[in-house]
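Got your viewer open? Load the model shown here and keep a selection box handy. We'll go stop by stop.

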Amino acid sequence: MKHVRTTALLAACAATFLLSACGEESGQAAPAAPTGAPASDSATASPESSTEAAAPVGDVTKPGTELKVGERAVVPFKYGTTKSGTIAITVTAIEKGANADLAKYGDKAKGITPFYLRATVENVDGADLAYSSVSLRALGADGRSTGVIITGSTDQCKSGTAGKDFTKAGAKFETCTLQGAREGSEVGSATYDKGDGYDKSPVVWKN
């Protein structure tokens with residue numbers, strides 16, 4: 001994964017959330033909460049460690065595969081320290097929001113445009129993945145980091161979590177990952193970069 005050196009810094013902490021624009025070469029966006037508990041509105045520029053999942057069942061989408069929005073990727077998946085299986089992710093939309101959507105972030109969101117990565121997640125092999133969650137990452141039109149990291153949710157983009165019945169093949173849930181870009185910039189793709197191989201060569205969805 002290529003990274004970008006941005007020229008400005010927008011980083012601020014609060015008791016319940018942090019929104020930042022990277023001011024130096026950074027690792028990939030940190031994942032949502034590693035347990036079933038909801039993630040608070042927060043962000044970080046620290047590197048993201050790769051995860052390893054059990055051997056997937058059936059054919060999986062190879063790391064580095066490029067897909068169109070609406071196409072399905074089958075990937076090995078690990079959640080926390082005990083849950084692993086095979087899931088399918090279909091990115092259904094990459095939507096541009098308005099700066100006003102980030103009102104709860106206050107001045108920390110000045111000059112930032114939100115983008116919403118909407119997806120459907122399916123349990124492929126029937127593993128017990130109850131209460132798990134999946135997050136995606138946005139890349140700019142140049143295929144590099146947008147330079148802005150946001151976590152949490154807004155009224156326009158609610159992060160979804162698997163229910164207690166996400167233990168059967170074919171079970172599905174909808175989710176949305178909140179991402180951001182500097183004002184005037186665009187998001188060109190959504191990526192899945194969790195797990196062995198995908199951390200260096202993510203699956204990419206483009207409009």
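A contact, on this tour, means heavy atoms within 4.5 Å. With that in hand, colour the whole chain by sequence position: among contacts in the protein with a separation of 6 or more, 69% are between residues 24 or more positions apart.

Some ground rules before going further. This is a predicted model, with residues numbered from 1 along each chain as its sequence is written. Local features need pLDDT of at least 70, side-chain atom pairs count only at pLDDT 80 or more, totals for chains, interfaces and linings use all residues, and side-chain values use heavy atoms, with hydrogens and water left out.

**The whole chain**

Switch to cartoon view. There are zero helices and 11 strands, where helices (H or I, at least four residues) and strands (E, at least two) are DSSP runs numbered from the N terminus. Read along the sequence, that gives β-β-β-β-β-β-β-β-β-β-β.

Now add a surface. The protein exposes about 10100 Å², and carbon and sulfur atoms supply 50% of that area; the areas come from the Shrake-Rupley method with a 1.4 Å probe, and for residues only the protein chains shown count as cover. Of the 207 residues, 45% count as buried. Buried here means under 20% relative accessible area, exposed means over 50%, and partly exposed is in between (1.4 Å probe, protein chains only).

**Where to tread carefully**

Colour by pLDDT, the predictor's confidence in each residue, from 0 to 100. The mean for the protein is 80, and 72% of its residues reach 70 or more. Select residues 20-40: pLDDT stays under 50 there, and the model has 61 contacts beyond four places in sequence for this stretch. Then pick residues 42-57, where pLDDT is also below 50 and the model has 41 contacts beyond near neighbours in sequence. Where pLDDT is low, the predicted coordinates should not be read in detail.

**The largest core**

Which residues touch the most other members of the largest nonpolar core? Select I87, I89, L136, Y192 and W205: those are the ones, out of 29 residues in that core. (A nonpolar core is a set of buried Ala, Val, Leu, Ile, Met, Phe, Trp, Tyr and Cys residues joined through side-chain atoms within 4.5 Å.) The elements giving two or more residues to this core are strand 4 (72-79), strand 5 (83-96), strand 6 (112-123), strand 9, strand 10 (187-192) and strand 11 (203-206). Apart from it lies another core, of 10 residues, among them V148, I150, C176 and L178.

Centre on Y192. Its relative accessibility is 2%, so Y192 counts as buried. Leaving aside neighbours within four places in sequence, Y192 is in contact with residues including V75, F77, I89, L136, Y198 and W205.

**Ring pairs**

Show the aromatic side chains. Rings of Phe, Tyr and Trp (its six-membered ring) pair if their centres lie within 6.5 Å; planes under 30 degrees apart count as stacked, over 60 as edge-to-face and the rest as tilted. That rule gives three aromatic pairs. One of them is F166 with F173, edge-to-face at 5.2 Å centre to centre and 80° between the planes. F166 is buried at 1% relative accessibility, and F173 is buried at 8%. Another edge-to-face pair joins Y192 and Y198, with 6.2 Å between centres and 65° between planes. Y198 is buried too, with a relative accessible area of 3%.

While F166 is on screen, add E122, which lies in strand 6. Buried or exposed? E122 is buried, with a relative accessible area of 16%. Beyond four places in sequence, E122 is in contact with R72, T86, I87, A88, F166, G170, A171 and K172.

**The disulfide**

Next, select the cysteines. A disulfide is a pair of cysteine sulfur atoms within 2.5 Å, and the count comes to one. C157 and C176 form it, their sulfur atoms 2.0 Å apart. The angle about the S-S bond is -105°, and the link of C157 and C176 is left-handed. C157 lies in the loop between strand 8 and strand 9 (172-182) and C176 in strand 9, so the pair ties together parts that are 19 residues apart in sequence. C157 is buried at 0% relative accessible area, and C176 is buried at 4%.

**Last stop: A141**

Zoom to A141, in the loop between strand 7 (137-140) and strand 8 (148-149). A141 counts as exposed, at 70% relative accessibility. Not counting residues up to four places away in sequence, A141 touches E186 and G188. Finish with a distance label from A141 to K206: their C-alpha atoms are separated by 9.7 Å, with the two positions 65 residues apart along the chain counted as their separation.
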